[in-house]
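Welcome! Below are some exercises to work through with the structure open beside you, each followed by a solution in steps.

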Amino acid sequence: MQSVQSGASATKARKRSAGNDQQNTARAHSEFLRVLDPSAYAALPDDWLIGITDVVDSTSAIKSGRYQDVNYAGASVIAAVGNAWGSFDFPFVFRGDGAAFALPPDGIMTATSALRQVVAFASANLNLALRAGLVRVGEIRANGRDVRIAHYAASENATYAMFAGGGLKWAERQIKNGRYLVKPGSYTTRPDLTGLTCDWEPFPSQRGEILSLLVEPVEDGSPEAFASLAKCVLSVLDAGTRQAEPLSRDTAISRDGARSVDLETWLAVASSSDFRKYDDGLRLTLDCTSKQIEAVEAILVAARAKGEVNFGLHRQSHALMTCFVPSGKPDSHLHFLDGMGGGYAKAAEMMGASDFPMVSSR
């Protein structure tokens, strides 16, 4: 999918609420291991809104080879909300077949409209059913979960929000069960997806296999114990030093064969990807050796047997990248990664099984 432009050609500047300013000025950590520390997170206010989307039955679409359409639909709400809001200084996370975001209370109309628009767009243009919901942080807390955020600076040009507290996972579960759904509007315009592109061919593994890995703490588990386990997993995968980054440092092929970039520009792109993040747990897209994957699996199987974590993983041969460049900010580019053979959706499908085979998609 190439970028889709609709609605106003330029985003409108907005006056942000005091709460939004507070979130925007939060310190961004340059070391990923720092965002594994529970003390790095600050609570969102009760009146903030959490939006969640996911592609219904994404597994079937992926089996049909529609990886890029699923990822495009997943990232669409981030572009639509930001372009409508007039800023991308709000917390969000890409999840492969969906996304989550947070806005202050005065963003309720923006969030509702954007969610309706992307649902209609996914249906009409991608033939995908996109589920969308909206819930207040206070409602999440009233049900025993929390929404806390930290910021990770992947590079000078890309900062990503990290989420902790179990609130997003709870909200996603409720929305999948039919609660907090955003109802379709009687008249829905096309979302403004300016800046959202899928320009690059899939990236083959250079080390063995592309691993999609989800690791979540159990409810009422120790955040400190989970942070220790997560650091152990990352040490096996070399992800703390970017060695497992799935984008080649010297090669990129555009889908139309016409686009080329110099090495300096491409290195800036590669360094700005979201191949590792914390989203109520570890969410990783990594280029690993088979031995590394087997070692990590052994660690996680043992931890799950002790009732400490839940996890899902999936192997495949290539990674996919969906890109977003905010209008008027060519240096502020974001690059969302997933595995081409099912990625996060397949890992999530496997999560919760007491025993599952290691599946490869080649």
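Contact here means that heavy atoms lie within 4.5 Å of each other. Please keep in mind that this is a predicted model.

**Exercise 1. Find out how enclosed helix α10 is, and which elements its buried residues pack against.**

Solution.
- Step 1: Locate the helix, which covers residues 343-350.
- Step 2: Pick out its buried residues, which are Gly343, Tyr344, Ala345, Lys346, Ala347 and Met350.
- Step 3: Draw the conclusion. Since 6 of the 8 residues of α10 are buried, the helix is largely enclosed by the rest of the structure.
- Step 4: Look around these residues. They pack against one helix, α2 (58-63), and against the strands β11 (209-217), β12 (276-278), β13 (282-288), β14 (309-316) and β16 (334-339).

**Exercise 2. Work out how many disulfides there are, and what the sulfur distance says about Cys323.**

Solution.
- Step 1: Recall the idea: a disulfide is a covalent bond between the sulfur atoms of two cysteines.
- Step 2: Set the cut-off, which asks for two cysteine sulfur atoms within 2.5 Å.
- Step 3: Test Cys323. Its closest cysteine sulfur belongs to Cys198 and is 7.6 Å away, so this is too far for a bond.
- Step 4: Give the count, which comes to 0 disulfides.
- Step 5: Check the surroundings of two cysteines. Cys323 is buried at a relative accessible area of 4%, and Cys288 is buried at 0%.

**Exercise 3. Describe the largest nonpolar core and the contacts of Phe336.**

Solution.
- Step 1: Start with the size: the largest nonpolar core has 86 residues.
- Step 2: Ask which element gives the largest share. That is helix α3 (residues 67-85), with 10 residues.
- Step 3: Find the residues with the most contacts inside this core, which are Phe101, Met162, Leu213, Leu237, Met321 and Phe336.
- Step 4: Zoom in on Phe336. Setting aside neighbours within four places in sequence, Phe336 is in contact with Ala75, Ile78, Phe92, Phe94, Tyr160, Asp274, Leu320, Met321, Thr322 and Phe324.
- Step 5: Look for a second core. A separate one of 19 residues includes Trp48, Ile50, Val93 and Val147.

**Exercise 4. Identify the strands that pair with β7, and say how each one runs.**

Solution.
- Step 1: Find β7 at residues 148-155, where 7 of its 8 residues are buried.
- Step 2: Take β1 (residues 28-29). The two strands run parallel and are joined by 2 bridges, with Ala28 opposite His151 of β7.
- Step 3: Take β2 (residues 42-43). Here the pairing with β7 is antiparallel, again with 2 bridges, and Ala43 stands opposite Arg148.
- Step 4: Take β8 (residues 158-164). This antiparallel pairing has 7 bridges, and Ile149 of β7 faces Phe163 of β8 as its opposite residue.
- Step 5: Trace the chain from β7 to β8, and you will follow a hairpin through 2 residues.

**Exercise 5. Place three aspartates in their loops and decide whether each is buried or partly exposed.**

Solution.
- Step 1: Asp57 sits in the loop between β3 (49-55) and α2. Its phi is near 55°, a positive value in a residue other than glycine. With 48% relative accessibility, Asp57 is partly exposed.
- Step 2: Asp280 lies in the loop between β12 and β13. Its phi is also positive, at about 55°, although Asp280 is not a glycine. Asp280 is buried, at 6%.
- Step 3: Asp97 is in the loop between β4 (92-94) and β5 (98-103). Asp97 is buried but has no salt bridge, and the nearest side chain of opposite charge, Lys176, is 6.0 Å away.
- Step 4: List what surrounds Asp97. Beyond neighbours within four places in sequence, its contacts are Thr53, Asp54, Val55, Ser58, Val70, Gly74 and Ala345.

**Exercise 6. Find out which residues Val296 touches, and how far apart Val296 and Val233 are in space.**

Solution.
- Step 1: Locate Val296 in helix α9 (residues 290-305).
- Step 2: Check its accessibility: Val296 is buried, at 1% relative accessible area.
- Step 3: List its contacts. Not counting residues up to four places away in sequence, Val296 touches Leu213, Val233, Val236 and Leu237.
- Step 4: Compare sequence with space. Val296 and Val233 are 63 residues apart along the chain, while their C-alpha atoms are 6.0 Å apart.

Notes:
Residues are numbered from 1 along each chain as its sequence is written. This is a predicted model: local features need pLDDT of at least 70, side-chain atom pairs count only at pLDDT 80 or more; totals for chains, interfaces and linings use all residues. Side-chain values use heavy atoms; hydrogens and water are left out. Buried means under 20% relative accessible area, exposed over 50%, partly exposed in between (1.4 Å probe, protein chains only). Helices (H or I, at least four residues) and strands (E, at least two) are DSSP runs, numbered from the N terminus. A nonpolar core is a set of buried Ala, Val, Leu, Ile, Met, Phe, Trp, Tyr and Cys residues joined through side-chain atoms within 4.5 Å. Two strands pair if DSSP finds at least two bridges between them. Lys and Arg count as positive and Asp and Glu as negative; His and the chain ends are not counted. A salt bridge is a side-chain nitrogen of Lys or Arg within 4 Å of a carboxyl oxygen of Asp or Glu.
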